[in-house]
Amino acid sequence: MYFPFYIAKRYAISFSKNSAINTITIISSIAIVASAMSLFVFLSIFSGLRDFTLSYSNSSDPDFKIEPSSGKSFYLTEKEDALLKGNQSINSYSKIIEDRVLFRYNNKEQIATIKGVDKSFSKVTKTSDYVYIGTWIEPNSKEAIIGSEIARKLSLGLFDFEHTLEAFAPKPGKGVIENNEDAFNIVGLQPVGMYNINEDIDNKYVFCDIEIARKLFQFKKNQLSSIEFKSKNNTPEEKVINELHSIFKDKVTIKTKAQLNDSLYKMLNSENLFIYLFSTLIVILTLFCLAGAIVMIVIDKKDNITTLYNLGLTFQEIRNIFFTQGILITTFGLIIGLVIGSLLIILQQQFSILMITSSIAYPVKFKTINIILVIGTIIPLGLISSWIASGRVNKEILK
């Protein structure tokens with residue numbers, strides 16, 4: 001057996017005659033267990049919260065979306081449409097015409113985005129599942145689905161045949177504007193449903209049939225603002241992106257689900273980094289306690305060190321004993337902490353011990369990457385603290 005490891009193991013599992021050193025060592029070991037457990041639990045909680053947050057925005061987003069590389073619209077040719085229909089990586093796609101307009105209802109006004117969708121839209125996203133009052137729009141009708149925030153600001157009610165929801169879009173062209181009829185295209189909509197996804201989306205979109213939006217913006221038959229796609233299960237993103245590029249060349253920009261929520265992903269990643277750095281600071285403080293405990297053990301084992309030195313061991317070999325002891329304490333603390341943390345996360349996943357509301361459990365997610373991250377954080381820091389503490393073994397200790 002490797003000699004420094006043998007001695008280090010004996011020191012790690014045996015108690016010192018000095019009760020104060022025993023107490024410090026035990027506290028340091030418990031602190032390592034607690035810090036490993038806390039770091040893993042924090043990361044697992046945030047992983048759960050991340051998925052919980054994204055589930056609401058992702059539900060209303062397509063897997064892929066293409067937009068014009070320049071301007072607000074592009075033209076879909078018959079050949080491109082045929083290639084999309086025959087593509088084996090795409091499950092379904094929806095043609096979209098959208099832009100910001102002014103809505104007026106019963107003398108109240110609100111700027112929002114009108115989104116004209118075709119009959120395939122409900123196959124591409126789950127937006128229709130979030131209609132909590134009324135029904136989804138019928139094709140070739142003037143029906144509209146309103147976000148709950150927009151409805152609140154306009155004091156809008158469903159099936160109000162006395163008042164019409166009017167949408168105003170500026171007319172394209174040049175020249176002097178003499179009246180509103182010359183300045184705007186106007187369409188009347190009949191709200192038949194309200195949806196509730198999240199505050200940002202509820203305050204942004206009004207859905208209607210694509211032909212209403214085409215008339216409002218004076219688009220030609222094959223002119224579109226975007227196309228949204230639902231890919232087939234387990235189809236790699238890169239494959240879909242390459243196939244779309246081969247169809248549309250450089251006239252469109254392709255965005256994935258993550259890129260459609262770029263600001264949200266950046267915010268969540270920043271929060272995740274902050275949580276990790278804060279938890280790592282706690283781990284660093286804990287391992288400094290370990291370094292202090294090892295220094296105390298070195299002082300306590302002064303006579304043993306002198307004996308080992310007289311037997312022919314070098315200072316480096318003696319340092320390796322205490323360095324190995326620090327690694328053993330760190331490793332065992334890490335393993336125990338991960339086991340306890342994993343049990344807590346699994347219990348929460350299976351039995352929903354902590355609840356946000358009576359029906360929603362506090363979200364957590366067990367991820368292997370979090371275990372790797374905890375190991376990759378604590379082991380290097382344990383190596384550093386043990387190396388620093390073992391440096392206390394030198395000629396001065398023999399005096």
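This report describes how four helices pack in a predicted model and then turns to the two largest pockets.

Residues are numbered from 1 along each chain as its sequence is written. In this predicted model, local features need pLDDT of at least 70 and side-chain atom pairs count only at pLDDT 80 or more, while totals for chains, interfaces and linings use all residues; side-chain values use heavy atoms, with hydrogens and water left out.

**Helix packing around α13**

Helices (DSSP runs of H or I, at least four residues) are numbered from the N terminus. Helix α13 packs with α11, with α12 and with α14. The table gives the geometry, with axes taken as lines fitted to C-alpha atoms over the stretch in contact and angles running from 0 to 180 degrees between N-to-C directions.

| Helix pair | Angle | Axes apart |
|---|---|---|
| α11 (residues 262-300) and α13 (residues 315-351) | about 140° | 10 Å |
| α12 (residues 302-310) and α13 | about 140° | 10 Å |
| α13 and α14 (residues 368-390) | about 155° | 9 Å |

Angles under 35 degrees count as roughly parallel, over 145 as roughly antiparallel, 65 to 115 as roughly perpendicular and the rest as oblique. The angle of about 140° between α11 and α13 therefore makes α11 oblique to α13. A crossing is right-handed if the near helix is turned clockwise from the far one by less than a right angle, and left-handed if anticlockwise; α11 passes α13 in a right-handed crossing. On the α11 side, Leu 287, Leu 290, Ile 294, Ile 297 and Val 298 meet Phe 322, Gln 325, Gly 326, Ile 329 and Thr 330 of α13, where contact means heavy atoms within 4.5 Å. This contact of α11 with α13 comprises seven nonpolar, three polar and no charged residues. In these classes, Ala, Val, Leu, Ile, Met, Phe, Trp, Tyr, Cys and Pro count as nonpolar, Asp, Glu, Lys and Arg as charged, and the others, Gly among them, as polar.

Helices α12 and α13 are likewise oblique to each other, and α12 passes α13 in a right-handed crossing. Ile 305, Leu 308 and Tyr 309 of α12 make the contact with Phe 315, Ile 318, Ile 321 and Phe 322 of α13. Seven nonpolar, no polar and no charged residues form the contact of α12 with α13.

By contrast, α13 and α14 are roughly antiparallel to each other, and their crossing is right-handed. The α13 residues in this contact include Arg 319, Phe 322, Gly 326 and Leu 338, and those of α14 include Ile 371, Gly 382, Trp 387 and Ser 390. The contact of α13 with α14 divides into twelve nonpolar, six polar and one charged residue.

**Pockets**

On a 1 Å grid over the protein atoms alone, a pocket is an open set of points where a 1.4 Å probe fits, with protein on both sides within 12 Å along at least five of seven lines, and lining residues have an atom within 4 Å of a point. A volume is the space filled by probe spheres set on the points, which are joined across faces, edges and corners.

The largest pocket holds about 820 Å³ of space. It is lined by 35 residues, of which Asp 61, Lys 65, Lys 204, Tyr 205 and Leu 260 are the closest to its centre. Helix α11 gives the most to this lining, with four residues. The lining of the largest pocket has nine nonpolar, twelve polar and 14 charged residues.

The second largest pocket holds about 440 Å³. Among its 17 lining residues, Lys 95, Ile 210, Glu 211, Arg 214 and Lys 221 lie nearest its centre. Helices α3 (78-86) and α8 (210-217) each supply at least two residues of the lining, and α8 gives the most, with three. Four nonpolar, four polar and nine charged residues make up the lining of the second largest pocket.
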